[in-house]
Amino acid sequence: MEEEYGVTDSPRKGPTLSTSTSSFEPFDAHDPNLSRLATKMFQKTGEYITHELASTVDDYKLIENMNRAMMGKVADMREMSQTIAAKNSELNRKYEELKPLLQRIDDIESTVDKLEAAAYQLDSYTIRLENKFKSVKAKQ
């Protein structure tokens with residue numbers, strides 16, 4: 001009945017709930033080579049875990065440094081974008097101030113184009129008139 005519920009008899013302590021088949025008892029004399037190897041294994045395991053944790057700490061420090069550097073870069077970019085936005089606003093304001101003058105320049109250019117066209121027509125007319133005058137004078 002005891003075997004069904006996981007209760008076994010230890011050679012020294014009597015009934016236990018252990019399901020282990022090991023005959024190890026804490027105060028029994030055992031193989032010194034096994035003890036030395038177990039101690040070495042636990043030391044190496046401890047060293048491994050220590051190095052793994054140190055590696056993780058180093059990774060976190062690297063990430064922290066990268067975050068600090070990135071925060072500096074982001075702050076610089078934010079400052080630069082604010083400066084650009086201010087300059088852009090200033091340029092837009094200046095453009096709005098110059099807009100009437102630019103419109104006047106466009107109007108003057110249009111008038112000059114019309115005057116130039118009129119000058120070409122006048123030149124053409126004077127050439128025809130001169131030719132007519134020469135032909136009338138030649139007939140006389």
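This report describes features along helix α1 in a predicted model, from the start of the helix to its salt bridges, a kink and a nonpolar surface patch.

**Start of the helix**

Helix α1 comprises residues 32-139. At its start, a side-chain oxygen of aspartate 31 comes to within 3.2 Å of the backbone nitrogen of asparagine 33.

**Salt bridges**

Four salt bridges are found when the whole structure is searched. Three of them, with their closest N-to-O distances, are set out below.

| Salt bridge | N to O distance |
|---|---|
| Glutamate 64 – arginine 68 | 2.6 Å |
| Glutamate 90 – lysine 94 | 3.3 Å |
| Glutamate 130 – lysine 134 | 3.5 Å |

Glutamate 64 and arginine 68 are both located in helix α1, four residues apart, about one turn of the helix. Glutamate 64 has a relative accessibility of 38% and therefore counts as partly exposed. Arginine 68, its partner in the salt bridge, is likewise partly exposed because its relative accessibility is 49%.

Glutamate 90 and lysine 94 are separated by about one helical turn because they stand four residues apart in helix α1. With 32% relative accessibility, glutamate 90 is classed as partly exposed. For lysine 94 the relative accessible area is 38%, so this residue is also partly exposed. The class applies to areas that are neither under 20% nor over 50%.

Glutamate 130 and lysine 134 belong to helix α1 as well, with a spacing of four residues, or about one turn. The relative accessible area of glutamate 130 is 41%, which means that glutamate 130 is partly exposed.

The spacing in these pairs can be read against the geometry of the helix. An α-helix has 3.6 residues a turn, so residues three or four places apart point the same way.

**Kink and nonpolar patch**

Where does α1 kink, in relation to proline 100? A kink of about 40° is located at leucine 98, shortly before proline 100.

Leucine 98 also contributes to a nonpolar surface patch of about 470 Å², together with Tyr95, Leu101, Leu102 and Ile105. Tyrosine 95, a member of this patch, lies in helix α1. Tyrosine 95 has a relative accessibility of 42% and hence counts as partly exposed. A patch residue must have over 30% relative accessible area, so the 42% of tyrosine 95 meets that requirement. Leucine 98 is thus named in two features: the kink in α1 and the nonpolar patch.

Technical notes
Residues numbered from 1 in each chain as written. Predicted model: local features only at pLDDT ≥ 70, side-chain atom pairs only at ≥ 80, totals over all residues. Heavy atoms only, no water. Patch = residues over 30% accessible without salt bridge, like charges linked within 9 Å, V, L, I, M, F, W, Y side chains within 5 Å. Areas by Shrake-Rupley, 256 points an atom, 1.4 Å probe, with all protein chains shown as cover. Salt bridge = Lys/Arg side-chain N within 4 Å of Asp/Glu carboxyl O. Buried < 20%, exposed > 50% of the residue type's maximum accessible area, 1.4 Å probe, protein only. Bend = angle between axes of the 7 residues up to and from the residue. Polar contact = N/O pair within 3.5 Å; in protein donor to acceptor, adjacent residues only side chain to side chain.
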